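Q: I would like to learn how to read the features of a model such as this one, going from single elements to whole chains. Could you take me through them in turn?

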Amino acid sequence: MSGRLAALLDWLDDRTGFRVINHHLLDEPLPPGTGWWFTLGSVLLFGMGVQIVTGIALALYYAPTPDHAWDSVRFITTVIPAGQFLRGLHHWGASVVVVAAVLHLSRVVFFGSYRKPREANWVVGFILLHIILAFGLTGYLLPWDQRAYWATVVAINISKLTPFLGETVASLLRGGPDIGALTLTRWYAIHVLVLPPVLVGLIAVHLYLMRRQGISGPIRARAGTPRPFFPYQAGRDLVVAIAVGALLAALAWKGAPALEAPADPTSSDYVPRPEWYFLGLFQLLKYFPGRLEVIGALILPGVVMTILALLPWIDRGSSREWRSRRGLLAVFTAGLAGVATLTLLGAMDRPRNASTGWNIRELAGAVLMTADNRCTRCHTADGIAAPIEAGHIARPADWLAAHVADPEMIAPGLRAAPDTNQRDTAAIVAALARMRADAPPAVDAATGHLDVLVNRSCLGCHVIDGVGGKEGPELSTVGRKYDAASIERRIINPVNVKPDAQMPAFGGKLAPDDIRATAAWLASRK
Amino acid sequence: MTSHRDDRRSALARLVAAGIGLITAGLAGLVGVVAAPRSSGPSKRWRRALSVFDLGTKGPTTAVLAERHADGWYETRRESVVFIDREGDGYRALSAICQHLGCRVHWDDTKQQFRCPCHGGVYDREGRVVAGPPPRGLERLAVRVNPQTSDIEVEL
């Protein structure tokens, strides 16, 4: 060390006394035999450090409002350099923290480290575990995609099962009558303003108590001289932290799971799933249907957690040997296995979010959007509005409908309202809704023309592939019943075929070629 | 013997300190990359100001150029104001941004001057400083006429 640096440090020590603090913090004598199992707490600390650093970096760009949360997360992952990696670190880091917490807790149980005089520190650790889970729960909502939104709907609905106070608890979590802007800001505030100081404070207490009582060390005390924490145990901590960090970086390299479509409270077919560390609870609910649900949702987990919290008072023996604690360890192991099994079952019970082809209305909408530069006059790369891209549609359906019918609703003078009708507008809105998730398939001009025609002329009264009016019979499989010629006659004038038909004649309204093509297409539907 | 152990201890201490330093540096580097401010928007390009037929005769004509403006994840419309005027056989385009502190100047028809509302900067019709604190005249923008559309375009 150069003389000047040493002099500077001497001066700093004289004014602050930092060497005494350093000595106190780092040179704690550890009992001989303190080994690799005792690195788990430090790994947990490392994981939480990564979460804090990456969380602050994410907060530079994140906007907690329903209009912008999704866009801002997308911006982080697509525009910010290393943004995808950053979000991956924060996402997988949460899992690392949960796993490390459970391993750390298990180590404490198997080593009997919760025994007198460490009961208080056990309880602090128990509370910290729940703080960690609260981080996971509140953080899950923030990307505001379908997964985030619907997992939160489920979580809040579970809270309604709380005896007597259900609605109160749920409304406290929601922040308003519905899950929306107020929920998002509330959970964001809890995630970044409430939980972190509580976490840091409790960690400080946890470490203080650990130092006050000294670490428990190996189950059977060994002979030898105690060695200081730094650098011996710190070296082990570092090795494990580097290994975990490398694993985390590898997971994050692939990034966080892709953002799903923006949260859509009106979608009815989304199957919500929580993050994996809540899957066990999620699975447990399935075994308690109806009025019994409260047992799976609150009572059973509550009982398990209460027993866990009271562990130092349930097991009060003096020996930390496994022999004298067989029953307790068997129950704990069975409990761990139970949670693992439920998590696994929950992971395997994965209902696919059905991915179906585009229906005729959505197809027609996709065609209409590009026809006559209807949308692309403004929505182009260097136009006055952003290009319309799959996965980047965030506006609600009613706004889209109004804008499609009258583009000038945004700003007067943009362009005159194009010729439109309700069915074309409905088709474009349907296509845009579909584009929240995936891009439209390519269709040739003739098929596109037919899609638009069928949407305009048939879907008003007939259902095809689940969309359309209910006045007439469904046409999804009409080809099984009639051939093209027969269908063509019906379209031209239904009364010719069926005297009491209510359907209007299209003979004079549509071009003969269009009628023939439509009939052929319908006849092909079997 | 003791000194041998002390040597080992201090070597290990340095190794561990270096390891912790590396992890810290890695995270700091990541935050540095992520936190670096976004660069400014697209470079200049030719944009339509107005049609030559819309050009006034008495003074400079105000043209508002609106464009989509990406503000991070937020998208907005940004409007730039330019003054188009005849100059000899061609045209002159002046930016409306006051060169003092960036306020927007306006054309005073009676005094035939550009006036800044903020600190009293005054420019003449050619954009030269007449009075007040501006250190230099209004910015002149490159201007051209698109022969196909008869639109006056400015580079902005």
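Q: Where in H12(A) does a kink lie?

A: This is a predicted model, and in it a kink of about 35° lies at Ile299(A) in H12(A), shortly before the proline Pro301(A). The span of the helix can be set beside the kink: H12(A) covers residues 293–309, which is 17 residues, and reaches 24 Å from its first C-alpha to its last, close to the 24 Å expected at 1.5 Å a residue.

Q: Why does Trp187(A) count as buried?

A: Burial is judged here by counting neighbours, with 20 or more other C-beta atoms within 10 Å as the cut-off. Trp187(A) has 24 C-beta neighbours inside 10 Å and therefore counts as buried.

Q: Where is the place of Trp187(A), and which residues does Trp187(A) touch, not counting residues up to four places away in sequence?

A: Trp187(A) sits in helix H9 of chain A, which runs over residues 181–213. With residues up to four places away in sequence left out, Trp187(A) touches Thr138(A) and Leu141(A). As for a position elsewhere in the chain, Val73(A) is 114 residues from Trp187(A) along the sequence, and the C-alpha atoms of the two are separated by 16 Å.

Q: Which residues touch the most other members in the largest nonpolar core?

A: A core is read as a network of buried nonpolar residues joined to one another. The largest one has 68 residues, and Val97(A) and Trp144(A) touch the most other members. Helix H5 of chain A, residues 83–110, gives the most to this core, with 13 residues. Apart from this, there is a second, separate core of 33 residues, which includes Leu368(A), Ala426(A), Cys458(A) and Val478(A).

Q: Which residues does Trp144(A) touch, not counting residues up to four places away in sequence?

A: With those sequence neighbours set aside, Trp144(A) touches Pro66(A), Ala69(A), Trp70(A), Tyr149(A), Leu184(A), Pro262(A) and Ala263(A).

Q: How many residues of chain B are in contact with chain A, and which elements of chain B supply at least two residues each to the side that touches chain A?

A: In general, the size of an interface is often given as the accessible area lost when the parts come together. Here the contacts are counted by residue instead: 20 residues of chain B are in contact with 26 residues of chain A. On the side of chain B that touches chain A, helix H1 (2–35), strand S2 (61–71) and strand S3 (74–87) of chain B each supply at least two residues, and H1(B) gives the most, with 13 residues. By residue class, that side of chain B divides into 14 nonpolar, two polar and four charged residues.

Q: How many helices and strands does the secondary structure of each chain come to?

A: Chain A comes to 21 helices and four strands, whereas chain B comes to one helix and 11 strands, with the helix placed before the strands in the pattern α-β-β-β-β-β-β-β-β-β-β-β.

Q: What radius of gyration does chain B have, set against a compact globule of 156 residues?

A: The globule would have a radius of gyration near 15 Å, but chain B has 28 Å, and its C-alpha trace spans about 100 × 40 × 25 Å along its principal axes. For chain A the value is 32 Å, where a compact globule of 526 residues would have one near 24 Å. Buried residues make up 17% of the 156 residues in chain B, while 31% of the 526 residues of chain A count as buried.

Conventions. Residues are numbered from 1 along each chain as its sequence is written. Chains are lettered from A and ligands numbered from 1 in the order in which they are written. This is a predicted model: local features need pLDDT of at least 70, side-chain atom pairs count only at pLDDT 80 or more; totals for chains, interfaces and linings use all residues. Two residues are in contact if their C-beta atoms, placed from the backbone, lie within 7 Å. Ala, Val, Leu, Ile, Met, Phe, Trp, Tyr, Cys and Pro count as nonpolar, Asp, Glu, Lys and Arg as charged, and the others, Gly among them, as polar. The expected span of a helix is 1.5 Å times one less than its number of residues. The bend at a residue is the angle between axes fitted to the seven residues ending there and the seven starting there. A residue is buried if 20 or more other C-beta atoms lie within 10 Å of its own, exposed if 12 or fewer, and partly exposed in between; C-beta atoms are placed from the backbone. A nonpolar core is a set of buried Ala, Val, Leu, Ile, Met, Phe, Trp, Tyr and Cys residues joined through C-beta atoms within 7 Å. The radius of gyration is taken over C-alpha atoms; the globule rule is 2.2 Å times the number of residues to the power 0.38.
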